Amino acid sequence: MADDLRQFTNIVFLDIETVSGVEHYEQLDERMQYLWSKKANQYRKAGTETDTELFRQRGGILAEFGKIVSIALGYLIEKKGKTVLSITSLVSDDERAMLEKFNDYLKRFDLHINRQNGEYSSRRPIQLCAHNGKEFDFPYLARRILINRLPLPGPLQMQGKKPWEIQHIDTMDLWKFGDFKNFTSLDLLAAIFDIPSSKEEMDGSLVHEVYYEEHDLDKIARYCALDVVNAAQVLLAMSGYAILPPECIEPTRIEII
């Protein structure tokens, strides 16, 4: 591994895929239906959308009404003299079990990069990297972990920390350069840096359908992993490095939990 790429070896690149917690609005209990109706008012553009329609469209993007069905994680490692991106994509109907696996993954990665007798003898904090992670992936993960009565892993603990102590990297935030009104998709950044699209098989708008109607967990896991590849490639490109060639991206390990 080139010395200048070592700065990236404590980063966990991640992406999550979410759906509404139940397939249909009518499956919510009475209390949650009432609370969704209040929340949905902010999404009524034409004023004619029903709670049922809005729940199908928007229920998955709110951690209080949605759930995570896939978490993909990647990290850079040296193998046979080459820097490769290793990726694991967790997918499950059992959100709690998957989040426990995610927590365990972060613990094992922390041990990996901070092994006592290895190359990195001084402690290096894990950094999480995602596109739009600060607005979506990181808070969504933290909220769902707490809802499932699990302990927050260190990299997601933000309470009492100063901004510079929070080890999060957001490629969309980096691209804003202080322009807070700007939203740039990961697919657009990938295109301008000549990185292959992750949207060829499906896109995020289809996750609800693929999960509830097709129940194709493999498909969701593969799509989630491709966004991790692009987040890693975009960060490298924005940092002035060459993107990884296809042979340096390992086949995704899909773990159905």
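**Exercise 1. The largest pocket**

Which residues lie nearest the centre of the largest pocket, and how many residues line it? Then find the volume and the elements behind the lining.

*Solution.* The model is a predicted one.
Step 1. Take the lining. It holds 31 residues. Nearest the centre are Glu17, Phe136, Gly204, Ser205 and Tyr223.
Step 2. Assign elements. Two or more lining residues come from each of β1, α2 (51–58), α4, α6 (186–192), α7 (207–214) and α8.
Step 3. Rank the shares. β1 supplies the largest, with 7 residues.
Step 4. Add the volume. The space in this pocket is about 780 Å³.

**Exercise 2. The nonpolar cores**

Describe the largest nonpolar core, from its residue count to its best-connected members. Then work out the surroundings of Phe13.

*Solution.*
Step 1. Start from the background. Nonpolar side chains tend to be buried together in soluble globular proteins.
Step 2. Count. The largest core has 46 residues. Phe13, Ile71, Phe102 and Leu141 have the most contacts inside it.
Step 3. Map the core to elements. Contributions of two or more residues come from the strands β1 (11–20), β2 (66–79), β3 (82–91) and β4 (127–130). The helices α3 (95–113), α4 (133–147) and α8 (217–238) also give two or more.
Step 4. Look around Phe13, skipping neighbours within four places in sequence. Its contacts include the run Ala72, Leu73, Gly74, Tyr75 and Leu76. Leu85 and Cys129 are also in contact with Phe13. So are Val228, Ala231, Ala232 and Leu235.
Step 5. Look for a second core. One of 12 residues lies apart from the 46-residue core. Val19, Val91, Val207 and Tyr212 are among its members.

**Exercise 3. Aromatic geometry**

Classify the pair Tyr211 and Tyr212. Then place Arg58 relative to a ring.

*Solution.*
Step 1. Choose the descriptors. An aromatic pair is described by the centre distance and the angle of the planes.
Step 2. Read them off. For Tyr211 and Tyr212, the centres are 4.8 Å apart and the planes stand at 80°.
Step 3. Apply the cut-off. Planes over 60 degrees apart count as edge-to-face, so the Tyr211–Tyr212 pair is edge-to-face.
Step 4. Check burial. Tyr211 and Tyr212 are both buried.
Step 5. Widen the view. The structure has 10 aromatic pairs. One aromatic cluster is formed by Tyr25, Trp36, Tyr43, Phe55 and Phe65.
Step 6. Place the charge. Arg58 lies over the face of Tyr43, 4.4 Å from the ring centre.

**Exercise 4. Two acids: buried or exposed?**

Is Asp15 buried or exposed? Is Glu135 buried or exposed?

*Solution.*
Step 1. Locate both. Asp15 is in strand β1. Glu135 is in helix α4.
Step 2. Test Asp15. Its relative accessible area is 11%, so Asp15 is buried, the limit being under 20%.
Step 3. Test Glu135. Its relative accessibility is 62%, so Glu135 is exposed, the limit being over 50%.
Step 4. List the contacts of Asp15 beyond four places in sequence. They are Ser70, Ile71, Ala72, Asp137, Cys224, Asp227 and Val228.

**Exercise 5. Positive phi**

Where are Asn132 and Asp194, and what are their accessibilities?

*Solution.*
Step 1. Check phi. Asn132 has a positive phi near 60° and is not a glycine. Asp194, also not a glycine, has a positive phi of about 60°.
Step 2. Locate. Asn132 sits in the loop between β4 and α4. Asp194 sits in the loop between α6 and α7.
Step 3. Classify. Asn132 is buried because its relative accessibility is 17%. Asp194 is exposed because its value is 66%.

How values were computed. Residues numbered from 1 in each chain as written. Predicted model: local features only at pLDDT ≥ 70, side-chain atom pairs only at ≥ 80, totals over all residues. Heavy atoms only, no water. Core = buried A, V, L, I, M, F, W, Y, C linked by side-chain atoms within 4.5 Å. Buried < 20%, exposed > 50% of the residue type's maximum accessible area, 1.4 Å probe, protein only. Helix = DSSP H or I, 4+ residues; strand = E, 2+ residues; numbered from the N terminus. Contact = heavy atoms within 4.5 Å. Phe/Tyr/Trp six-rings, centres within 6.5 Å; stacked < 30°, edge-to-face > 60°. Lys NZ or Arg CZ within 6 Å of the ring centre and 35° of its normal. 1 Å grid on protein atoms, 1.4 Å probe; cavity = no way out; pocket = protein on both sides within 12 Å on 5 of 7 lines; lining within 4 Å. Points joined across faces, edges and corners; volume = space filled by probe spheres on them.
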